[in-house]
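Work through the exercises below with the sequence and model at hand. Each task is followed by a stepwise solution.

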Amino acid sequence: MLFRKILGMLCLTSLLFGAGGSFMSKNSPLFSDASAKEALGELIVSAEVKELSKSGEYTEVEFTGYQPKDSGVVYEKTGVLIVGFETAKASAVKIIGEKTDEYGTVWSHVTVKGFVVTSALGKDKGSILQAGKDLFSAKCGTCHALHAENEFDANVWPSILEAMGEQAALSKDEKYSIMKYLQNYK
Ligand code: HEC
């Protein structure tokens with residue numbers, strides 16, 4: 001009986017706070033509180049976050065990733081330049097460990113907590129990346145044939161997108177949306 005009660009409570013908690021991860025459906029500022037006063041940085045489209053609580057139109061989330069020493073950028077994994085969070089306030093990021101990747105580079109394992117507008121969260125990473133695919137098809141095949149997704153790996157696409165983002169006059173959000181699609185392509 002007690003067991004079933006506990007089980008029920010567990011199910012309810014996971015319904016409320018989302019079983020499994022949530023993903024950013026677009027780039028979105030991470031605020032220190034639910035009145036959106038101070039931005040700690042920007043969470044980047046398709047980054048996985050953990051939902052902690054709700055407050056009005058905001059959801060408190062936690063993002064955990066890896067940061068090279070002295071970098072303002074937090075990546076989703078070590079050794080792969082897939083951006084998850086751009087730091088505006090260095091002290092917002094808490095170091096919880098350290099990891100050395102296969103190339104001998106030392107990464108800080110970091111976590112950051114704050115509030116995002118709930119409408120910037122999604123459950124389905126596939127459909128978030130699909131939006132990037134649609135943009136890629138629309139914006140990247142006008143001057144030359146569309147390049148193949150697997151022509152470059154996840155660490156090369158960012159510099160290409162820097163150059164081609166200017167060619168195609170992409171906004172920052174569009175650039176990241178296409179970049180995340182290409183970097184997650186397998
Ligand atoms: C306004 C025209 C234009 C648009 C739009 C454009 N490109 Fe290009 N792209 C070029 C030109 C010109 C080159 C060859 C010269 C160079 O590398 O800058 C090129 C080269 C490339 C290359 C080859 C780079 C290499 O080093 O082999 C890739 C890959 C590429 N583009 C991807 C993209 C992607 C992805 C987009 C969409 C974000 C895009 N392009 C949009 C003009 C464009």
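Three exercises follow, on a helix, a nonpolar core and a ligand shell.

This is a predicted model: local features need pLDDT of at least 70, side-chain atom pairs count only at pLDDT 80 or more, and totals for chains, interfaces and linings use all residues. Residues are numbered from 1 along each chain as its sequence is written.

**Exercise 1.** Check the length of helix α4 and decide whether it is largely enclosed or not.

Solution. Helices are DSSP runs (H or I, at least four residues), numbered from the N terminus. The expected span is 1.5 Å times one less than the number of residues. For the 12 residues of α4 (172-183) this gives 16 Å, and the end C-alpha atoms are 16 Å apart, which agrees. Next, count buried residues (20 or more other C-beta atoms within 10 Å of a residue's own, C-beta atoms being placed from the backbone). In α4, 10 of the 12 are buried, so the helix is largely enclosed by the rest of the structure. Among them are Y176, I178 and L182.

**Exercise 2.** Locate the largest nonpolar core.

Solution. Such a core joins buried Ala, Val, Leu, Ile, Met, Phe, Trp, Tyr and Cys residues through C-beta atoms within 7 Å. The largest has 35 residues, and M24, L43, I44 and A47 have the most contacts inside it. Domain 1 (20-122) and domain 2 (125-183) both contribute, so the core lies between them. These bounds come from an automatic or database domain assignment.

**Exercise 3.** Which helix gives the largest share of the shell around the ligand?

Solution. The shell takes residues whose C-beta atom, placed from the backbone, lies within 6 Å of the ligand. It has 14 residues, the closest being C140, C143, M164, Q167 and A168. The largest share, 5 residues, comes from α3.

Notes. Helix = DSSP H or I, 4+ residues; strand = E, 2+ residues; numbered from the N terminus.
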